[in-house]
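Colleague: Hi, do you have a few minutes to walk me through this one? I'd like to get my bearings before going back to the bench.

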Amino acid sequence: VQLQASGGGLVQAGGSLRLSCAASGRMASIARMGWYRQVPGGQRELVATTTSDGVTNYADSVKGRFTISRDNAKFSVYLQMNSLRPEDTAIYYCNLYQLLRDYWGKGTLVTVSS
């Protein structure tokens, strides 16, 4: 399984960005997909996940600002990020979890300036 993420960049506080991730390879239809983020020297943390039947989970810090969505036919997952804050600055990683295994994309950098 390969994951290709895109959509990161530099944005001012209060702005918006949309991340996209497309999966390819051998995948199960029940795979969970989502986004995690990591700052230098920090641990990778959950941002949001979504199951194939639309059950979502968000970190408390992004609830009400970020929205995760998914296109099962395209094995793609998206993250709409609104009202961005400087503390959202991180490398964002796309994740696919299936059959007890995690798959990760290379990450895309999101920088929010104050």
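Colleague: To start, what pattern does the protein follow when read along the sequence?

Modeller: Read that way, the pattern is β-β-β-β-β-β-β-β-β-β-β. Keep in mind that this is a predicted model.

Colleague: And how many helices and strands is that?

Modeller: The protein has 0 helices and 11 strands.

Colleague: Which strands make up the open sheet, and in what order?

Modeller: The open sheet has 4 strands in the order 1-3-8-7, and their pairing is antiparallel. At the edges sit strand 1, residues 2-6, and strand 7, residues 66-71, each of which pairs on one side only. On average, neighbouring strands in this sheet are turned by 15° against each other, ignoring direction.

Colleague: How many bridges join strand 1 to strand 3?

Modeller: There are 5 bridges between strand 1 and strand 3, the latter covering residues 17-24, and the two run antiparallel. As one example, Ala5 has Cys21 in strand 3 as its bridge partner. In general, strands of a sheet pair through backbone hydrogen bonds.

Colleague: Changing topic to charges: how many salt bridges does the structure hold?

Modeller: It holds 4 salt bridges. One of them pairs the side chains of Asp88 and Arg65, at 2.8 Å from N to O. That pair links distant parts of the chain, 23 residues apart: Asp88 lies in the loop between strand 8 (76-81) and strand 9 (90-98), while Arg65 lies in the loop between strand 6 (56-58) and strand 7.

Colleague: Is Asp88 buried or exposed?

Modeller: Asp88 counts as buried because its relative accessibility is 1%, and buried means under 20%. Its partner Arg65 is buried too, with a relative accessible area of 7%.

Colleague: Which residues are linked with those two in a network of salt bridges?

Modeller: The network links Arg37, Glu45, Arg65 and Asp88. Within it, the side chains of Glu45 and Arg37 meet in a salt bridge at 2.8 Å, N to O. Arg37 is buried, with a relative accessible area of 6%, whereas Glu45 counts as partly exposed at 38% relative accessibility.

Colleague: And which residue does Asp60 form a salt bridge with?

Modeller: Asp60 forms one with Lys63, and their closest N and O atoms are 3.1 Å apart. Asp60 itself is exposed, with a relative accessible area of 64%.

Colleague: I'm also curious about Thr50. Where is its place, and which residues does it touch?

Modeller: Thr50 is in strand 5, residues 45-50. It counts as buried, at 4% relative accessibility. Leaving out residues up to four places away in sequence, Thr50 touches Arg32, Met33, Val55, Thr56, Ile68, Arg70 and Val77.

Colleague: Zooming out, how does the radius of gyration of the protein agree with a compact globule?

Modeller: With 114 residues, a compact globule would come out near 13 Å, and the protein has 13 Å, so the two agree. The C-alpha atoms fill a box of roughly 40 × 25 × 20 Å along the principal axes.

Colleague: What share of the residues is buried, and what does the protein expose?

Modeller: Buried residues make up 41% of the 114 residues. The protein exposes about 6200 Å², with carbon and sulfur atoms supplying 49% of it.

Colleague: Last one: what share of the contacts with a separation of 6 or more comes from residues 24 or more positions apart?

Modeller: Those residues account for 52% of such contacts in the protein.

Colleague: Lovely, thanks for the tour!

Note on methods. Residues are numbered from 1 along each chain as its sequence is written. This is a predicted model: local features need pLDDT of at least 70, side-chain atom pairs count only at pLDDT 80 or more; totals for chains, interfaces and linings use all residues. Side-chain values use heavy atoms; hydrogens and water are left out. Two strands pair if DSSP finds at least two bridges between them. Axes are lines fitted to C-alpha atoms, for helices over the stretch in contact, and angles run from 0 to 180 degrees between N-to-C directions. Buried means under 20% relative accessible area, exposed over 50%, partly exposed in between (1.4 Å probe, protein chains only). The radius of gyration is taken over C-alpha atoms; the globule rule is 2.2 Å times the number of residues to the power 0.38. Contact means heavy atoms within 4.5 Å. Accessible areas come from the Shrake-Rupley method with a 1.4 Å probe; for residues, only the protein chains shown count as cover.
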